[in-house]
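Let's take a walk through this model together. Have the sequence and the coordinates open, and follow along from one contact to the next.

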Amino acid sequence: MSAQEQKTCGRPTRSGKPCRVRIYGSDVACGTHATDEDRAFAAAHRRGWSEGYEQGSKSGASSAQSKIEWLERRVKELEQRLDDATRVHEIAGDQVVEVGRYAYRWRGGGRLEVGDRVLLPENYVSRMKNGPGPTVGVVSALGSTYRGELSFIVGRASAAEAEA
Ligand SMILES: [Zn+2]
């Protein structure tokens with residue numbers, strides 16, 4: 001005999017003993033003891049057996065998804081803290097800024113601000129793309145976490161100079 005076949009109502013009877021009427025399938029109590037709620041539950045259970053199962057595995061997946069999203073947020077938060085802690089704003093009196101993905105030193109007049117247009121030294125990529133000479137970039141961040149050798153910004157770009 002399986003557990004399914006042995007399932008009984010189990011609700012307390014007038015004598016105080018659990019009801020021993022056998023129940024089947026989705027039923028949670030026998031016809032005598034089932035409340036409206038029990039009947040509604042059993043009906044929903046029967047109807048949604050496969051549907052509910054699928055939804056259950058979907059909500060399992062979405063909870064894994066939200067865990068991933070939480071972890072991603074947490075990692076970003078910690079990266080930001082690490083960035084703040086390790087960001088260098090000056091090297092030997094020169095201001096350090098980022099232009100796009102790269103960091104540069106600035107020894108020119110005044111402090112650079114985010115959004116300032118500057119002339120970047122030529123490198124092999126800019127030479128290939130735009131020919132020889134400095135290219136125009138826009139300061140995207142103040143300070144940098146980059147630890148390697150930094151090139152110097154050539155100068156401020158005038159409004160007339162087109163962005164590379
Ligand atoms: Zn019963």
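Which residue forms a salt bridge with Arg-87? The partner is Glu-98, and the closest N and O atoms of the two are 3.8 Å apart. Before going further, please keep in mind that this is a predicted model. The pair links distant parts of the chain: Glu-98 belongs to strand S2, while Arg-87 sits in the loop between H3 and strand S1 (90–91), with 11 residues separating them in sequence. Glu-98 counts as buried because its relative accessibility is 15%, under the 20% limit for that class.

Arg-87 has a further partner to look at. Asp-83, a residue of helix H3 (residues 49–86), makes a polar contact through its side chain with the side chain of Arg-87, at 2.7 Å. Asp-83 is buried too, with a relative accessible area of 18%. Put together, Asp-83, Arg-87 and Glu-98 are linked in a network of salt bridges. As a general point, side chains of opposite charge can pair when their charged atoms come close.

From Glu-98 we can follow its strand. Strand S2 (residues 94–99) pairs with S3 in the antiparallel sense, over five bridges. Gln-95 stands opposite Trp-106 in S3. The hairpin of S2 and S3 has two residues between the strands, and in this hairpin Gly-100 takes a positive phi near 65°. Strand S3 (residues 102–106) is mostly covered, with four of its five residues buried. S3 also pairs with strand S7 (residues 151–152), this time in the parallel sense and over two bridges. Here Tyr-104 has Ser-151 in S7 as its bridge partner.

Strand S2 offers another charged pair. The side chains of Asp-94 and Arg-107 meet in a salt bridge, 2.9 Å from N to O. Asp-94 lies in strand S2 and Arg-107 in the loop between S3 and strand S4 (117–120), so the salt bridge ties together parts that are 13 residues apart in sequence. How do the two ends compare in exposure? Asp-94 is buried, at 3% relative accessibility, whereas Arg-107 is exposed, with a relative accessible area of 57%.

A search of the whole structure finds nine salt bridges, and one more deserves a visit. Arg-127 and Glu-122 meet through their side chains at 2.4 Å, N to O. Arg-127 counts as partly exposed at 41% relative accessibility, and Glu-122 is likewise partly exposed, with a relative accessible area of 32%.

Finally, let's turn to the metal site. Which residues coordinate the zinc ion? They are Cys-9 (SG), Cys-19 (SG), Cys-30 (SG) and His-33 (ND1), at 2.0 to 2.5 Å. Along the chain, the donors follow the spacing C-x9-C-x10-C-x2-H. Cys-19 and His-33 are 14 residues apart, and both lie in the loop between helix H1 (3–6) and helix H2 (36–47). Why is the arrangement tetrahedral? The four donor atoms subtend angles of 102 to 121° around the zinc ion, and four donors count as tetrahedral if all angles lie between 85 and 135 degrees. For reference, the ideal angle for four tetrahedral donors is 109.5 degrees. In terms of exposure, Cys-19 is buried, with a relative accessible area of 5%, while His-33 counts as partly exposed, at 24% relative accessibility.

Definitions and conventions:
Residues numbered from 1 in each chain as written. Predicted model: local features only at pLDDT ≥ 70, side-chain atom pairs only at ≥ 80, totals over all residues. Heavy atoms only, no water. Donors = N, O, S within 2.8 Å, 3.2 Å for Na, K, Ca; no water. Tetrahedral: all angles 85-135°; square planar, octahedral: opposite > 155°, others 65-115°. Buried < 20%, exposed > 50% of the residue type's maximum accessible area, 1.4 Å probe, protein only. Polar contact = N/O pair within 3.5 Å; in protein donor to acceptor, adjacent residues only side chain to side chain. Pairing = 2+ DSSP bridges. Salt bridge = Lys/Arg side-chain N within 4 Å of Asp/Glu carboxyl O.
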